Amino acid sequence: MKRSIEDHAERFSAVAAEYDEQQDSEEYGACASLVIEAADPDSDETVLDLGTGTGAIALALAPEAGRVIGRDISEGMLAEAERKAEAGGHENVTFGEGRFREPNVDESVDVVVPNFEMHHLADEEKREAIEVIADLEPRRFVLGDVMLSAAIPEGEEQYSPEVDDPATVGVLVEALTDAGFTVSDATLVSEQYGVLVADR
Ligand SMILES: C[S@@+](CC[C@H](N)C(=O)[O-])C[C@H]1O[C@@H](n2cnc3c(N)ncnc32)[C@H](O)[C@@H]1O
């Protein structure tokens with residue numbers, strides 16, 4: 001991780017109020033839509049949105065799922081997510097502190113949907129996080145993120161190399177496979193963004 005968890009939490013809390021309106025890139029929109037579509041929870045299933053931010057994915061899935069759990073490290077982002085859940089009357093969604101390698105979830109979950117945050121972790125930490133998620137025994141893991149399918153020349157990154165540490169698609173597929181998942185779909189939105197769907 002190029003920055004500590006506390007640094008990332010502070011960084012996101014500082015922009016929480018404006019975060020939603022800043023997510024206007026084509027790549028973010030495409031990944032978020034694909035993650036929501038692929039998650040496809042049944043009405044009695046529990047979804048875990050890890051790195052939920054302001055709850056974009058969690059709240060989109062709330063009408064379909066039985067229960068949605070959102071976890072994040074940023075108090076500011078969580079407060080924004082809670083405000084939106086209350087305004088939308090989503091009573092089956094709960095938000096709270098939790099991190100990739102310590103999700104703070106003491107029940108099994110059916111679908112896990114991290115969108116746009118695993119790239120903050122170093123590759124070895126991503127692998128550990130995927131193993132921790134596998135221990136929650138989800139039937140489906142949908143990962144939307146910055147992921148590289150080609151070498152990106154310096155200066156052409158669509159992410160921030162000083163704080164972000166995206167993996168190659170190959171590294172992510174290998175980590176998911178090693179944790180017992182089968183990658184059933186990989187949609188590359190561009191050379192720098194994509195969505196992986198993994199089942200078991
Ligand atoms: C780019 S936002 C994405 C938010 C949301 N998933 C979305 O699609 O809009 C990244 C979020 O990941 C959170 N985050 C960063 N590192 C994390 C970690 N180790 N564990 C849990 N959340 C983390 C940040 O606080 C932030 O809210």
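Which residues of strand 8 are buried on one side, and which on the other? Tyr193, Val195, Val197 and Asp199 are buried on one side, and Gly194, Leu196 and Ala198 are buried on the other. The views below come from a predicted model.

**View 1. Strand 8 is covered on both faces.** The strand spans residues 193–199. Of its 7 residues, 7 are buried, so the rest of the structure largely encloses strand 8. One face carries Tyr193, Val195, Val197 and Asp199. The other carries Gly194, Leu196 and Ala198.

**View 2. Strand 8 pairs with strand 5 and with strand 7.** Strand 5 covers residues 140–148. Strands 5 and 8 run antiparallel and share 7 bridges. Within this pairing, Val142 has Val197 as its bridge partner. Strand 7 covers residues 182–188. Strands 7 and 8 are also antiparallel, joined by 6 bridges. Here Thr182 is bridged to Asp199. The connection from strand 7 to strand 8 is a hairpin of 4 residues.

**View 3. Asp199 meets Arg140 through a side-chain polar contact.** The contact distance is 2.6 Å. Asp199 belongs to strand 8, and Arg140 belongs to strand 5. Are these two residues buried or exposed? Asp199 has a relative accessibility of 17%, and therefore counts as buried. Arg140 has a relative accessible area of 18%, so Arg140 is buried too. The cut-off for buried is under 20%. Beyond four places in sequence, Asp199 touches Arg139, Arg140, Gly180, Phe181, Thr182 and Ser184.

**View 4. Arg140 also reaches a backbone oxygen.** The side chain of Arg140 lies 2.8 Å from the backbone oxygen of Ala38. Ala38 is also one of the residues that Arg140 touches, leaving out those up to four places away in sequence. Others include Ala39, Asp110, Val111 and Val112. From strand 8, Val197, Ala198 and Asp199 touch Arg140.

**View 5. Glu80 sits in helix 4 and contacts Arg83.** Helix 4 runs over residues 75–88. The side chains of Glu80 and Arg83 form a polar contact of 2.6 Å. Glu80 has 16% relative accessibility, so this residue counts as buried. Setting aside neighbours within four places in sequence, Glu80 is in contact with Ala16, Ala17 and Thr54. How far is Arg83 from Arg140 in space? Their C-alpha atoms are 28 Å apart, with a sequence separation of 57 residues.

**View 6. The ligand is surrounded by 19 residues.** The closest are Tyr19, Tyr28, Gly51, Asp72 and Asn115. Two tyrosine side chains each place an N or O atom by a ligand oxygen atom. For Tyr19 the distance is 3.0 Å. For Tyr28 the distance is 2.6 Å. At Phe100, a backbone N or O atom lies 3.1 Å from a ligand nitrogen atom. How much of the ligand's accessible area does the protein cover? The ligand has 600 Å² of accessible area on its own, and the protein covers 97% of this.

**View 7. A record annotation spans residues 47–134.** The unreviewed UniProt entry labels this stretch "domain: Methyltransferase". In the model, residues 47–134 are 36% helix and 19% strand. The C-alpha atoms at the two ends of the stretch are 14 Å apart.

Notes
Residues numbered from 1 in each chain as written. Predicted model: local features only at pLDDT ≥ 70, side-chain atom pairs only at ≥ 80, totals over all residues. Heavy atoms only, no water. Buried < 20%, exposed > 50% of the residue type's maximum accessible area, 1.4 Å probe, protein only. Pairing = 2+ DSSP bridges. UniProt positions renumbered as here; feature names shortened; annotations may be inferred. Near = heavy atom within 4 Å. Polar contact = N/O pair within 3.5 Å; in protein donor to acceptor, adjacent residues only side chain to side chain. Areas by Shrake-Rupley, 256 points an atom, 1.4 Å probe, with all protein chains shown as cover. Contact = heavy atoms within 4.5 Å.
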